[in-house]
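Welcome, and thanks for taking a look. Please open the model in your favourite viewer and keep the sequence at hand while you read.

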Amino acid sequence: MTVERNHVGLSMPSLTHEWDADLASANPLRFPGYDAPAPQDESVRTGVAEHPRGPLVVIECRFDRHGGTMGVAAGERIVRAFDRAREERLPVAAFVASGGARLQEGLVSLTQMARTAGAVGRLRRAGLPFAAVLRPHTTGGVYASWASLADVLAAEPGATIGFAGPRVVAQVTGSFPPADSHTAQAAHTQGRVDALVGPEAHWVWLGDALYGPGPALRLPPGRPLPAPRKPVPRDPWAAVLHARDPRRPSGLEWSALLTEGWVELRGGDPAVRAGLAVMAGERLVVVAMDRHSRPDAAARVLPAGFRLAQRAFDLAERLRLPVLTLIDTPGAEPGPAAEADGVAGEIARTLLAMSGLTVPTVAVCVGEGGSGGAMAFAYTDRLFLLEGSVFSVIGPEPGAAVLFRDASRAAELARSFRLTAVELARLGVVDDVLPDGDVGAVRSAVLVALREAHPGERDARMDRLARSHLRRPSMMCRPE
């Protein structure tokens, strides 16, 4: 592969085949003072480039040409590029820099938002991936259409990223946005872009996102790692405290231990992480809870965490990748802010998203499985618990507050819930109990399950469980 330097010094792929280089706008409005650019001066070029990991369809927007705006010719090139990618079964990589719809071409330009979004939809339905890098600067109708529909999205640090550019914001609202708004860094913090990637790394990141494997997942410093196996407490309340131990690895640590490559899918809740990962050379989607994202090691899942999971499940289904979830949470966040953000509906939609998956799904509870917030990630074809983990209908403390009006009776209630891994295996809730400190054994069990699980086994297991605990009508109640 060869690269060339574009107008901002960015290393760009040399196209082995450039497409539609003869397309030009006919100046639909005959806008005063506007000369539609010649084909070679249009804001977008498209074609095929060779990446070390495989061929890619490339869409490049250039800000130095009419502000990277999308007029009818640019829109047509983009639509044709997505459709040819679909026909030739190739992933799409985009380098985006745009001021939005081309004003001098009026509504003819604005309709390109709908056309390009529709082209992305056709690519998605064909099960092909699309990754994009937002460069300085990306706003308006391009950002609000096809560019934001990328499966994985990066932004260049320092870029202005936003629906409206700062001048439009000032005109509409009466003041310019603050310095920390409308930036790549803000979009990353808020979970609207998955990564911040410098210009020297765009091409590498796009290859990772579209083909894998990506770099290994890096953990924050000081994170716990599996310790040599210790006896699990027999007492259920002691087992709950054992599962909550802040020195115990959570889902993020297990993600790093089980995978060798990771491309982040970013969301707005640090308690849930997701990635396009590689395990034993095979790609999969991993969604992991991180109870250590809060200093007290008791992070509850916010509505944004469930929305990230839904996005990850949708991507796995479209790309035909298996799913692994790693569960460790006291439960979903029940506070007023989460309620206002629709936490119950997001749990329901997460369960619905998982119910529709036709790819193999595996879950491992690595610590605490708390109530519906955990069950939303456990509706999988195979369900494992580490031997030191627990899973319950509600946390013992809130459960005691509900049943006894006395949270101090949590230990008593824990003994009634049958929430330890061994007890849940006896009940038939889980498929197997895995050793706590043995990474190799857990990895082997997960790999076998991912390869052998049949989509829909989750329903068979749960139906079997429910029906085995139904009380049969007595003979005396049978009608004559």
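The report below goes from the whole chain to its cores and then to single residues.

## The chain as a whole

What you see is a predicted model. Its chain is built from 17 helices and 18 strands. If you lay the C-alpha trace along its principal axes, the spans come to about 85 × 65 × 50 Å. The radius of gyration is 26 Å, which agrees with the value near 23 Å that a compact globule of 480 residues would have.

Sequence-distant pairs contribute much to the contact map: among contacts with a separation of 6 or more, 73% join residues 24 or more positions apart.

## Surface and charge

Of the 480 residues, 54% count as buried. The exposed area of the chain is about 21,000 Å², and 57% of that area is supplied by carbon and sulfur atoms.

The charge count is easy to remember: there are 53 positive and 53 negative side chains. The centres of these two sets lie 3 Å apart.

## Two nonpolar cores

A good place to zoom in is the largest nonpolar core, which has 57 residues. Trp205, Val287, Ile327 and Phe377 are the residues with the most contacts inside this core. Helix α9, covering residues 303-319, gives the core its largest share, 8 residues. There is also a second, separate core of 37 residues, and Ala74, Ile78, Val142 and Ala184 are included in it.

Which residues does Ile327 touch, not counting those up to four places away in sequence? Part of the answer is a run that takes in Ala363, Val364, Cys365, Val366, Gly367, Glu368 and Gly369. Ile327 also touches Met289, Ala374, Phe377, Ala378 and Phe391. Phe377, as noted, is itself among the residues with the most contacts inside the largest core.

## Two cis peptide bonds

If you check omega angles, two bonds deserve a stop. From Pro136 to His137 the peptide bond is cis, with omega near -10°. His137 sits in strand β7, which runs over residues 130-139.

The peptide bond from Gly212 to Pro213 is cis as well, with omega near 5°. Here the setting is a loop: Pro213 lies between α6 (202-211) and α7 (236-243).

## Positive phi without glycine

Two residues show a positive phi although neither is a glycine. For Asn27 the angle is about 60°, and the residue is found in the loop between β3 (15-19) and β4 (44-51). Is Asn27 buried or exposed? With a relative accessible area of 14%, Asn27 is buried, because the cut-off for that class is under 20%.

For Ser371 phi is near 60°. This residue belongs to helix α12, residues 371-378. At a relative accessible area of 25%, Ser371 is partly exposed.

## Tyr34 and its surroundings

Tyr34 lies in the loop between β3 and β4, the loop that also holds Asn27. Its relative accessibility is 6%, so Tyr34 counts as buried. Leaving aside neighbours within four places in sequence, which residues are in contact with Tyr34? They are Asn27, His66, Arg102, Gln104 and Glu105.

For a sense of scale, take Tyr34 and Ala337: 303 residues separate them in sequence, and their C-alpha atoms are 50 Å apart in space.

## Two helix residues to compare

Gln185 has its place in helix α5, residues 184-189. With 36% relative accessibility, Gln185 counts as partly exposed. Beyond its neighbours within four places in sequence, Gln185 is in contact with Pro157, Gly158 and Leu196. The C-alpha atoms of Gln185 and Ala195 are separated by 9.3 Å, with the two residues 10 apart along the chain.

Glu88 is found in helix α1, which covers residues 72-88. Glu88 is partly exposed, at a relative accessible area of 39%. How many ångströms separate the C-alpha atoms of Glu88 and Glu457? The separation is 34 Å, for residues 369 apart along the chain.

Notes:
Residues numbered from 1 in each chain as written. Predicted model: local features only at pLDDT ≥ 70, side-chain atom pairs only at ≥ 80, totals over all residues. Heavy atoms only, no water. Core = buried A, V, L, I, M, F, W, Y, C linked by side-chain atoms within 4.5 Å. Buried < 20%, exposed > 50% of the residue type's maximum accessible area, 1.4 Å probe, protein only. Helix = DSSP H or I, 4+ residues; strand = E, 2+ residues; numbered from the N terminus. Contact = heavy atoms within 4.5 Å. Rg over C-alpha atoms; globule rule 2.2 N^0.38 Å. Areas by Shrake-Rupley, 256 points an atom, 1.4 Å probe, with all protein chains shown as cover. Lys, Arg positive; Asp, Glu negative; His and termini not counted. Charge placed at Lys NZ, Arg CZ, Asp CG, Glu CD.
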